[in-house]
Amino acid sequence: AEHMVRSLQTSPHAWSMVEIDVSRLVKLRASLVEAWKAREGFELTYLPFFVKAVVEALRENPLLNARWSDQGVVLKKRINVGIAVAIENGLVVPVVRDADQKSISGIAREIREVAGRARGGRLTMEDLQGGTFTVNNTGALGSIASGPIINQPQAGIITMEAIVKRPVVTEDDAIAIRSMMNCCLAFDHRILDGAEALRFQQRIKRRMEAYGPGTTIY
C-alpha cells in the first residue's frame, strides 16, 4: 500500500492505449499449442509473445528502460522485465532478467518458473529486485483497459489486455471479424513525453501484428 501511494506521489503519471490486431498471433498459437504442451509440459499462453515484443521495443526506446534521479534520467543497460503476478494476498512482481537475450520459448519457461515460485510462496529477495520495466497481464482476468501504477523507480508499466473478437473496418473499407487486444502504458512524464511513449507502443504493435506462420519461438 505504501509503495503504491509513494509511486503516485513521486511520478507524474501519464497514460496511453494502443489497439492491436492479433488475429495472426491467435492462429500461430493455435498451431503450436499441442506440440508445445507435449514437449514442455505446460500451456503456451500469449504472454511470452507480448513480453518478447516489449523487450525488443525497449531496445529501440531506451527512455522506457530508465529511471529518474536528482541528476536526471539514468538509462539502464540491462533489460530486466518484472512480471506482475496475482497471489492470494496481493500482487508481486518477480523479475525475468536479460529478457531481451531470450527467445519466446525461453521467456515462457522463465515466466512459468517465477510465477510458480510466487504462487508457492518461494520467491527470494533476488527474484524481486533489479527490474527495469514491468508487464502486467491484466487481460488474463478479463480486463480490456486499465490504468496501471508505475513500479518505482521504473519509467513505465504496460498491460496486456484481453483478446476479444469484434468487427473491424479494414483498410479496403470492408468489415471483418478480428481478434483485437489493447495495450495500456503508464509512464513517468518526467522521463519521457507522449510522443516517445506512443512510438514505443507502435513498435510493440508492429511486432505483435507481424507474428504469424513462420515465426520461430525457439
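A residue is called buried when its relative accessible area is under 20%, exposed when that area is over 50%, and partly exposed in between, with a 1.4 Å probe and with protein chains only taken into account. By this rule, 48% of the 218 residues of the chain count as buried.

The structure is a predicted model, in which local features need pLDDT of at least 70 and side-chain atom pairs count only at pLDDT 80 or more, while totals for chains, interfaces and linings use all residues. Residues are numbered from 1 along each chain as its sequence is written, and side-chain values use heavy atoms, with hydrogens and water left out.

**The chain as a whole**

The secondary structure of the chain consists of 6 helices and 10 strands, where helices (H or I, at least four residues) and strands (E, at least two) are DSSP runs numbered from the N terminus. The C-alpha trace spans about 50 × 45 × 30 Å along its principal axes. The radius of gyration, taken over C-alpha atoms, can be set against a globule rule of 2.2 Å times the number of residues to the power 0.38; for 218 residues a compact globule would have a value near 17 Å, and the chain agrees with this because its own value is 17 Å.

A contact means heavy atoms within 4.5 Å, and of the contacts in the chain with a separation of 6 or more, 64% are made by residues 24 or more positions apart. The accessible surface of the chain is about 11,200 Å², and 52% of it belongs to carbon and sulfur atoms; such areas come from the Shrake-Rupley method with a 1.4 Å probe.

**A hairpin**

Strand S2 (residues 66-69) and strand S3 (residues 72-75) run antiparallel and are joined by 4 bridges, two strands being paired if DSSP finds at least two bridges between them. The two strands form a hairpin, with 2 residues between S2 and S3, and Ser 69 stands opposite Gly 72 in S3.

**Backbone details in the loops**

Most residues other than glycine have a negative phi, and most peptide bonds are trans. Asp 98, however, has a positive phi, near 50°, and Asp 173 likewise has a positive phi, near 65°. A cis peptide bond, with omega about 5°, joins Gln 152 and Pro 153, and Pro 153 is placed in the loop between strand S7 (133-136) and strand S8 (156-160).

The table sets out the loop and the relative accessibility of four residues.

| Residue | Loop between | Relative accessibility |
|---|---|---|
| Asp 98 | strand S6 (95-96) and helix H4 (104-119) | 24%, partly exposed |
| Asp 173 | strand S9 (164-169) and strand S10 (175-188) | 66%, exposed |
| Ile 163 | S8 and S9 | 27%, partly exposed |
| Gly 131 | helix H5 (125-128) and S7 | 24%, partly exposed |

**Surroundings of two loop residues**

Ile 163 touches Val 22, Val 26, Tyr 46, Ser 179, Met 180 and Met 181, when residues up to four places away in sequence are not counted. Ile 163 and Met 181 are 18 residues apart in sequence, and their C-alpha atoms are 4.7 Å apart in space.

Gly 131 is in contact with Asn 80, Val 95 and Gln 154, leaving aside its neighbours within four places in sequence. The C-alpha atoms of Gly 131 and Ala 57, which are 74 residues apart along the chain, are separated by 16 Å.
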